[in-house]
Amino acid sequence: MADPPVERAALAAELERARADFHRLLASVRADEWNAPSSGTRWTNEQLLFHMVFGYMIVQRLLILVRVIARLPDRMGRGFARILDAATRPFHLINYYGSCLAALFYNRRRMGAKLDRVIGALQRSLQRERDSDFARGMHYPIRWDPYFRDYMTLADIYRYPGQHYDHHRRQLTLATLT
């Protein structure tokens, strides 16, 4: 039986939902909340907000990676995922400190515009995908992120940043969220 067709409109709506919500969050952060610690992470609210943007930035690179790796023999894709999984500890350190540093540039004044540009690019990419491409996929390092599964299709990659966004949104410590 063939896979059901991918709902481009639903994927596009999910991207737009996060973009609009992010701008509502940015507008609601009080001056004393930017540098307050988030809940369950070592990031401040500002750093975590950037990290939420970063999830979308990463997807731009994952889309390229899945298009390449999906064309390789499965054993190569599995091997690549195992190598990445073995590098989990350095990945988490780079992920943490990278977001800390990047939030200095993509700070409260720049991160909204950055998210707009990234989501705009993802929306355009989504519309250009051939229906058959959504079923292509690759193996992922499952220890890197709770939303990575062993095998993810291109459609799964378009869904991933919304899951990542919602996960971290719950960790923000903003008065408007309580």
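How are Arg-24 and Asp-21 placed relative to each other in helix α1? I looked this pair up at the start, and I note here that I am working from a predicted model. Arg-24 and Asp-21 are three residues apart in helix α1, which covers residues 8-28, and this spacing separates them by about one helical turn.

**Entry: the fold as a whole**

I went through the secondary structure and found six helices and two strands in the protein chain, arranged along the sequence in the pattern α-α-α-α-α-β-β-α. The radius of gyration is 17 Å, close to the 16 Å that the globule rule gives for 178 residues, so I take the chain to be as compact as a globular protein of that length. For the overall dimensions I noted that the C-alpha trace spans about 55 × 35 × 25 Å along its principal axes.

I then looked up burial and contacts for the whole chain. Buried residues make up 47% of the 178 residues, and among the contacts with a separation of 6 or more, 73% are accounted for by residues 24 or more positions apart.

**Entry: salt bridges**

The structure holds 17 salt bridges, and I followed up some of them. As a reminder to myself, side chains of opposite charge can pair when their charged atoms come close.

I returned to the pair in helix α1, where the side chains of Arg-24 and Asp-21 meet in a salt bridge with an N to O distance of 3.7 Å. I wanted to know whether each partner is buried or exposed, and the two have to be described separately: Arg-24 counts as exposed at 52% relative accessibility, whereas Asp-21 is buried, with a relative accessible area of 8%. The value for Arg-24 is to be read against a cut-off of over 50% for exposed residues.

Next I looked at Arg-30 and Glu-33, whose side chains also form a salt bridge, here at 3.8 Å from N to O. Arg-30 counts as partly exposed at 41% relative accessibility, while Glu-33 is buried, with a relative accessible area of 4%.

The last single bridge I checked joins the side chains of Arg-130 and Asp-133, with N and O 3.0 Å apart. Asp-133 counts as buried at 12% relative accessibility. I also found that Glu-14, Arg-17 and Asp-166 are joined into one network by salt bridges that share partners.

**Entry: the largest pocket**

How much space lies in the largest pocket? I read off about 570 Å³, and I found 30 residues in its lining, with Phe-91, Asn-95, Trp-144, Asp-145 and Tyr-160 lying nearest the centre. The elements that give two or more residues to this lining are α2 (45-69), α4 (88-105) and α6 (154-169). Helix α2 supplies the largest share, which is seven residues.

I also sorted the lining of the largest pocket by residue class, and obtained 17 nonpolar, ten polar and three charged residues.

**Entry: three residues looked up one by one**

I began with Ile-157, which lies in helix α6 and counts as buried at 0% relative accessibility. Which residues does Ile-157 touch, not counting residues up to four places away in sequence? I listed Val-59, Leu-62, Leu-63, Tyr-140 and Met-152. For one of these, Val-59, I also looked up the backbone distance: the C-alpha atoms of Ile-157 and Val-59 are separated by 6.7 Å, although the two residues are 98 residues apart along the chain.

I then turned to Ile-83, which is found in helix α3, residues 74-86. Ile-83 is exposed, with a relative accessible area of 59%. From Ile-83 to Pro-141 I noted a C-alpha to C-alpha distance of 8.1 Å, with their positions 58 residues apart in sequence given as the separation.

The final residue on my list was Arg-170, whose place is in the segment after α6. Arg-170 is exposed, with a relative accessible area of 58%. I paired Arg-170 with Ile-64, and found the two to be 106 residues apart in sequence and 29 Å apart in space, C-alpha to C-alpha.

Key:
Residues numbered from 1 in each chain as written. Predicted model: local features only at pLDDT ≥ 70, side-chain atom pairs only at ≥ 80, totals over all residues. Heavy atoms only, no water. Salt bridge = Lys/Arg side-chain N within 4 Å of Asp/Glu carboxyl O. Helix = DSSP H or I, 4+ residues; strand = E, 2+ residues; numbered from the N terminus. Buried < 20%, exposed > 50% of the residue type's maximum accessible area, 1.4 Å probe, protein only. 1 Å grid on protein atoms, 1.4 Å probe; cavity = no way out; pocket = protein on both sides within 12 Å on 5 of 7 lines; lining within 4 Å. Points joined across faces, edges and corners; volume = space filled by probe spheres on them. Nonpolar A, V, L, I, M, F, W, Y, C, P; charged D, E, K, R; others polar. Rg over C-alpha atoms; globule rule 2.2 N^0.38 Å. Contact = heavy atoms within 4.5 Å.
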